[in-house]
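Biologist: Could you take a close look at one part of this structure for me, and walk me through the helices there?

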Amino acid sequence: MSFISLLWVLLLGSLLGLELIGKVPPTLHTPLMSGANAISGITMLAALTLIVKAEGNVPLLIIGSVSLGFALFNVVGGFFVTDRMLAMFSRKPSNKK
Amino acid sequence: MNLPVIIKFVIDLLAVLLLALGIKGLSKVKSARDANRLAAFAMSLSVVGLLAYYLGTSGIAIQSWIWIIIGSIIGSLFGAILAKKVPMTSMPETVALFNGCGGMSSLLVALGVAIFPISNSVENLDFFKSLINEVSISVSIFVGAITFTGSIVAMAKLQGWLSTPGWTQSKVRHFVNIVFAVASLIAFFDLINGNTSSIWLLVIVSSLLGIGVTLPIGGADMPVVISLLNSYSGIAAAAAGFVVDSQLLIVAGAMVGAAGLILTQVMCKGMNRSLVSVLFGGSLSAQSTASSGSGEYTNITSCSVEECALTLEAANKVIIVPGYGLAVAQAQHTLREVTKKLEQNGIEVVYAIHPVAGRMPGHMNVLLAEADVPYEQLKEMDVVNPDFPATDVVLVLGANDVVNPQAKNDSSSPLYGMPVLDVQEARTVFVIKRGMSAGYSGIKNDLFDLPNTSMVFGDAKKVLNDLIGELKDLGVGEK
């Protein structure tokens, strides 16, 4: 992948992000932040790449593994916590019916 | 193009699409929960795609598998446990902690690649390519470190483990931070020049910069900072994407970075603060000590729970204004019991939610939803403000700055211009509060001096419990 096309990817990704969050009700600010935060743990892919390409280099394997741990802590925790928050909103209407 | 490449390409494309749909769905109440799951699914899909790609091309060594499994199990386990155990009131600091760890992850990846260049980046290293490689490593380390230390400081401050040191409120802090910033810039250029040892300097100074920038910021502004740091962790992820040549990482990182920035902007608007003043203005209380010298209350009316109950019984319309004090006292369930009684007596009850009630926008909604308050009873500020003149009783529970009329009347007040709830328009206002201490901003609240305001002193939960008892005695809600 050439650098220029990666820059295009960066640009289009940013525009997409700007466009996606249009009008958010204040109620959802915290869950949205927490959900977006979980997505930022996508660096786990970079950590995985590092481990796969380490080729037996133990210090690098350890760094990759720790990095993967941190990223997954972010991802798994982030999604669970967001779900817990959102579960409280969705419970309401069904209770009333 | 061989098969693994095609498969990875398709999976990446699908993952990006699902992530975008996930973020989009998260901004609507109805679709939010499914959207969150969709995003989680997209993330796992991307992992499967990556692993399948390597299995199909270079293969994955047993040793790598072992380290992958160790890292994943430990990280996921801790994440899941914390997410299940943490009380809803500590949500903002939890998000900060998760966020910091995401930044740490990007930092470590860049560090690993910098110290031990991985195979594909040493091949055909022409000048341009190695330059890009070093720039993206530096950016990833710089942003990752700031995200990590900044988030940890934010968490510690929200938890009350760290207070705001005095020196951070003086002009010295700007000087200190400029020194850190310049030092990281020097390390940055040194690193690009090929001096690998300066990487440690970069790690250290950017970590210090993260601390130095976050430490002076007051608690009220913390949500904005967390949101901004969240945006940073996206940028760090995108930078790590350049390091390991992953388009998916770049797209997802950029998406989170941009979305986080917008969210930060929205939050700033709700608090009537500009991002610049949040970041460089220090905490509000420090600025206000000079301007609010007339901090003496002259006309405080204190009243008993019994009087409060009597007034409530006679009311037709009651508006509840919950604030962080309610959350701290864990009184949302008790509050719900009180309002249930009132409703059974035919009294109309509405909750007025200020955009920044609690510690984070939407935080109060989450807490009240936890206590089974119907979603329709939660009214946003703009909707509820015209209703106050027609309201008999307003109960202010642990809220302070968001009901301060100074924000409208006193142009010299640091709060001036912040959108507030016009509770003083109601017939009677009860403020349930532990003592006369000031709110987050450290500013005197003119509301407490008004003739139609009565203070009920005590812990929110205890007062509400007493209130239930009094209402019972009056026969409210027994029908």
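Modeller: Here is a walk through chain B, from its contact with chain A to one pair of helices. Keep in mind that this is a predicted model, where local features need pLDDT of at least 70, side-chain atom pairs count only at pLDDT 80 or more, and totals for chains, interfaces and linings use all residues. Residues are numbered from 1 along each chain as its sequence is written, while chains are lettered from A and ligands numbered from 1 in the order in which they are written.

The contact takes 79 residues from chain A and 98 residues from chain B; two residues touch if their C-beta atoms, placed from the backbone, lie within 7 Å. Several helices (DSSP runs of H or I, at least four residues, numbered from the N terminus) each supply at least two residues of chain B's side, among them H4 (91-115) and H9 (222-244). H10(B) gives the most, with 19 residues.

Now zoom in on H4(B) and H9(B). Their axes, lines fitted to C-alpha atoms over the stretch in contact, lie 9 Å apart at an angle of about 25°. That makes H4(B) roughly parallel to H9(B), a label for angles under 35 degrees. H4(B) passes H9(B) in a left-handed crossing, meaning the near helix is turned anticlockwise from the far one by less than a right angle. Their contact has 17 nonpolar, six polar and no charged residues; Ala, Val, Leu, Ile, Met, Phe, Trp, Tyr, Cys and Pro count as nonpolar, Asp, Glu, Lys and Arg as charged, and the others, Gly among them, as polar.

Note on methods:
Axes fitted to C-alpha atoms, helices over the stretch in contact; angles between N-to-C directions. Parallel < 35°, antiparallel > 145°, perpendicular 65-115°, else oblique.
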